[in-house]
Structure formats: C-alpha cells, structure tokens
Amino acid sequence: MASKLTRRAFIGGGVAALGVGGFVALGGRNLFYDVITEASAAETLDPPTAHQLAAEGKITLVDIRRPDEWAKTGSGEHAVRLDLRRDDFIAELTKLVDGDLNAPLALICARGVRSARENNKLIAAGFTNVIDVPEGMLGNSKGPGWINRGLPLNTS
C-alpha cells in the first residue's frame with residue numbers, strides 16, 4: 001500500500017515538474033510570469049521607447065525593484081530607483097512628478113509582474129498618465145527586456 005502511494009506521488013510529482021518545466025521553457029521564454037501578471041490598465045512602452053522618452057525628459061521612468069536587484073543588474077539609464085515596498089511609495093512618486101498626477105509616469109520592474117500591479121494601484125490612486133514597461137529589465141514573453149536589448153544601464 002505504501003509503495004503504491006509513494007509510486008503515485010513520485011509519478012505525479014514528475015508529471016507536474018515536466019509540465020511546469022515545459023510550460024516555462026516554451027518558446028525559450030519564461031511564460032510563468034505571464035500567468036501571474038495581472039492585466040494592466042496602463043499604456044505600454046517597449047524598453048527602447050521608454051529609454052528615449054526618459055532621456056528626452058518626456059516621461060519619468062521609475063525602476064520599482066528592490067535594492068538587491070539594482071545591485072545585480074543596474075537600472076535603466078535615466079530611471080529613478082524607488083523600491084515599491086516603501087511605505088511612502090505613492091507619496092514619493094507624487095513628489096517625483098511635482099504633484100502632477102497627469103504627468104507621464106512609467107514603471108519598470110524585472111519581468112512586468114510588479115509594474116502591472118503597481119500601475120493599477122496608481123490609477124486607483126488618481127494618477128491619470130501611467131505607463132507600463134511590460135518586458136521589464138529581464139524580459140518575458142512580451143519581449144527580451146531592457147538588458148537583453150543592450151540598452152544603457154546605470155550601475156552605480
């Protein structure tokens with residue numbers, strides 16, 4: 001009895017691992033993040049366009065990842081670093097745009113999961129011109145991301 005149960009658990013676990021592994025590897029991209037990313041009501045930009053607009057001062061680009069993530073990869077050139085876990089996150093974003101809730105504000109994270117979620121929260125908080133960079137820094141099924149596109153980084 002115990003051996004049948006053990007065998008079934010082992011087989012079931014193996015099938016689940018293969019399914020997840022195949023799903024994640026499908027197309028050479030990590031599609032797991034697409035499943036856990038909520039739909040964002042924000043407009044979207046690809047990383048090259050976000051970089052160009054931030055360089056021109058037409059958007060405020062904010063890297064909302066953690067400090068340890070910034071240390072590993074750097075942030076996109078012209079991006080402001082603001083850890084989304086801060087208690088005063090929305091207040092600090094409001095300061096970044098000088099209180100203008102209509103100012104174009106673009107969020108980028110690692111793979112687009114956190115930025116989509118936070119953009120929806122910003123819309124609910126009254127921001128009217130929020131933009132998502134859904135590929136993130138590392139890429140996902142939407143595209144290769146900032147780093148893999150070879151865009152400039154701020155590593156300091």
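**Figure 1. Asp98, an exposed residue in the loop between H5 and E5 of the predicted model**. Asp98 counts as exposed because its relative accessibility is 73%, and the cut-off for exposed is over 50%. The residue sits in the loop that runs between H5 and E5, just after the helix. Its phi is near 50°, which is a positive value in a residue other than glycine.

**Figure 2. His78, a second residue with positive phi, in the loop between E3 and E4**. The loop holding His78 links strand E3 (75-76) and strand E4 (80-81). Phi of His78 is about 75° and positive, although the residue is not a glycine. At 40% relative accessibility, His78 counts as partly exposed, because this value falls between the limits of under 20% for buried and over 50% for exposed.

**Figure 3. Helix H5 and its buried residues**. H5 spans residues 89-96, and Phe89, Glu92 and Leu93 are buried in it. These three lie on the same side of H5, because they cover an arc of only 100° around the axis. What do the buried residues of H5 pack against? Their partners are strand E2 (60-63), strand E5 (105-108) and helix H6 (113-124).

**Figure 4. The largest nonpolar core**. This core has 15 residues. Val62, Ile64, Phe89, Leu93, Leu105, Leu122 and Phe127 are those with the most contacts inside it. At least two residues of the core come from H5, and at least two from E5. A second core, separate from this one, has 13 residues, including Ile59, Ala79, Val133 and Met137. In soluble globular proteins, nonpolar side chains tend to be buried together.

**Figure 5. Surroundings of Phe127**. Leaving aside residues up to four places away in sequence, Phe127 touches Ile90, Leu93, Thr94, Val97, Leu101, Leu105 and Leu122. Leu93, Leu105 and Leu122 in this set are, like Phe127, among the residues with the most contacts inside the largest nonpolar core. Leu93 is also one of the buried residues of H5.

**Figure 6. The open sheet of five strands**. The strand order is E1-E6-E5-E2-E4, with parallel pairing. Which strands form the edges of the sheet? Strand E1 (43-44) and E4 do, and each pairs on one side only. E2 and E4 run parallel and are joined by two bridges. E2 and E5, also parallel, are joined by four bridges. Three bridges join the parallel strands E5 and E6.

**Figure 7. Asp63 between its neighbours in E4 and E5**. Arg81 in E4 stands opposite Asp63. In E5, the residue opposite Asp63 is Ile108. Ile108 is buried, as is Ala106 on that side of E5.

**Figure 8. Strand E5, covered on both faces**. Is each side chain of E5 named here buried or exposed? Leu105 and Leu107 on one side are buried, and so are Ala106 and Ile108 on the other. Leu105 has Val130 as its bridge partner in E6. Leu105 is also in contact with Phe127.

**Figure 9. Helix H6 and the crossover from E5 to E6**. H6 lies across E5 and strand E6 (130-132), and runs at about 170° to E6. The chain passes from E5 through H6 to E6 in a β-α-β crossover that is right-handed. H6 also packs against buried residues of H5.

**Figure 10. Ile123 of helix H6 and its distance to Ala42**. Ile123 lies in H6. At 33% relative accessibility, the residue counts as partly exposed. Between the C-alpha atoms of Ile123 and Ala42 the distance is 7.9 Å, while 81 residues separate the two along the chain.

**Figure 11. Overview of the chain**. The protein has seven helices and seven strands, which follow one another along the sequence as α-α-β-α-β-α-β-β-α-β-α-β-α-β. Of its 156 residues, 37% count as buried. Considering contacts between residues at least 6 apart in sequence, 64% join residues at least 24 apart.

Methods
Residues are numbered from 1 along each chain as its sequence is written. This is a predicted model: local features need pLDDT of at least 70, side-chain atom pairs count only at pLDDT 80 or more; totals for chains, interfaces and linings use all residues. Side-chain values use heavy atoms; hydrogens and water are left out. Buried means under 20% relative accessible area, exposed over 50%, partly exposed in between (1.4 Å probe, protein chains only). The arc is that of the directions from the helix axis to the C-beta atoms. Contact means heavy atoms within 4.5 Å. A nonpolar core is a set of buried Ala, Val, Leu, Ile, Met, Phe, Trp, Tyr and Cys residues joined through side-chain atoms within 4.5 Å. Two strands pair if DSSP finds at least two bridges between them. Axes are lines fitted to C-alpha atoms, for helices over the stretch in contact, and angles run from 0 to 180 degrees between N-to-C directions. A crossover is right-handed if, with the strands pointing away from the viewer, the path from the first strand over the helix to the second runs clockwise.
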